[in-house]
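Got your viewer ready? Load the model, show it as a cartoon, and keep a selection box handy for the stops below.

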Amino acid sequence: DKLNGQFVYLKATEGTWFKDPKFNEYKRKAHQHNLKVGAYHFMRPNKTGKQQFNYFKKVVGKNIDLIPVLDIEVRGLSNKNIKEFITECEKYYGVKPMIYANQIYYLKHKSAIKGCKWWMAHYYPSLRSDYAIWQYSDKKKIAGAAIDHNYINSKYTLTDFML
């Protein structure tokens, strides 16, 4: 894979109450290894999209290299809240976030996420071609840590994910 080892996405926040306590440490270490760093937010249904984006922004700030990612893989999310998060992200970062979702949530919320790149969570071979990134495994280990493995659609380069 032409982009292997060039970048990493780290979980930063969830809802309006969780910050990965090692986010800043992992970001610093990734930069020390010359990796481009992105951050993702795991959306929850009990707070508005604006509230959740404001929390993400407070934790992450602008010191990331890659477009943010919005993870929409739980029941009860509204298109309104997803759109709010996307709108606030676009105002702050100047780009829409990439959406991480399996095919079911991608199709369910397709109208809300229009214009966003799709990071497809799907652990079996797929015939879809409209993804930017395809997470095909979450079971691989590197240096004893479980790491998600992904394939970048060949129509993209690292520049397409940069802020």
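Start with the helix called α3, residues 79-93. Turn the model until you look at the face of α3 that points away from its buried side: the exposed residues Lys-80 and Lys-91 sit there. Here buried means under 20% relative accessible area, exposed means over 50%, and partly exposed lies in between, with a 1.4 Å probe and protein chains only. Helices (H or I, at least four residues) and strands (E, at least two) are DSSP runs, numbered from the N terminus.

A word on the ground rules before moving on. This is a predicted model, where local features need pLDDT of at least 70 and side-chain atom pairs count only at pLDDT 80 or more, while totals for chains, interfaces and linings use all residues. Residues are numbered from 1 along each chain as its sequence is written, and side-chain values use heavy atoms, with hydrogens and water left out.

**Around α3**

Now flip to the other side and select Asn-81, Ile-82, Phe-85, Ile-86, Glu-88, Cys-89 and Tyr-93, which are buried in α3. They lie on the same side of α3 because they cover an arc of only 165° around the axis, the arc being that of the directions from the helix axis to the C-beta atoms. The general rule behind this is that an α-helix has 3.6 residues a turn, so residues three or four places apart point the same way.

What covers those buried residues? Colour β3 (36-42), α2 (49-60), β4 (69-71) and β5, which are among the covering elements. Contact, on this tour, means heavy atoms within 4.5 Å.

If you like checking geometry, put a distance between the end C-alpha atoms of α3: they are 21 Å apart, in agreement with the 21 Å that its 15 residues should span at 1.5 Å a residue. The expected span is 1.5 Å times one less than the number of residues.

Zoom in on Asn-81, which is buried with a relative accessible area of 13%. Leaving out neighbours within four places in sequence, Asn-81 is in contact with Met-43, Pro-45, Lys-47, Thr-48 and Gly-49. Then slide to just after the helix, where Gly-94 takes a positive phi of about 85°.

**The cysteines**

Select Cys-89 and Cys-116. Why is there no bond between them? The sulfur of Cys-116 is 8.2 Å from the closest cysteine sulfur, in Cys-89, too far for a bond. A disulfide is a pair of cysteine sulfur atoms within 2.5 Å, and the structure holds 0 of them. Cys-89 is buried at a relative accessible area of 0%, and Cys-116 counts as buried at 14%.

**Strand β3 and its partners**

Next, select β3. It is largely enclosed by the rest of the structure, since 5 of its 7 residues are buried. Strand β1 (residues 7-14) pairs with β3 in the parallel sense over 7 bridges, and there Val-8 has Val-37 of β3 as its bridge partner. Two strands pair if DSSP finds at least two bridges between them.

β4 also runs parallel to β3, joined by 3 bridges; look for Phe-42 opposite Asp-71 in β4. Follow the chain from β3 through α2 to β4 and you trace a right-handed β-α-β crossover. Right-handed means that, with the strands pointing away from the viewer, the path from the first strand over the helix to the second runs clockwise.

While you are here, step back to the loop between α1 (23-32) and β3, where you will find Asn-34. Asn-34 has a positive phi of about 60° although it is not a glycine, and it is exposed at 68% relative accessible area.

**β5, α4 and β6**

Move on to strand β5 (residues 98-101), which pairs with β6 in the parallel sense over 3 bridges. Tyr-100 stands opposite Trp-119 in β6. With helix α4 (residues 103-108), the two strands make a right-handed β-α-β unit.

Now show the side chains of β6 (residues 118-121): Trp-118 and Met-120 on one side and Trp-119 and Ala-121 on the other are all buried, so both faces are covered.

In α4, pick Gln-103, buried at 18%. Its C-alpha atom is 9.3 Å from that of Arg-128, 25 residues away along the chain.

**Zoom out**

Finish with the whole chain: 4 helices and 8 strands, in the order β-β-α-β-α-β-α-β-α-β-β-β. Buried residues make up 45% of its 163 residues.
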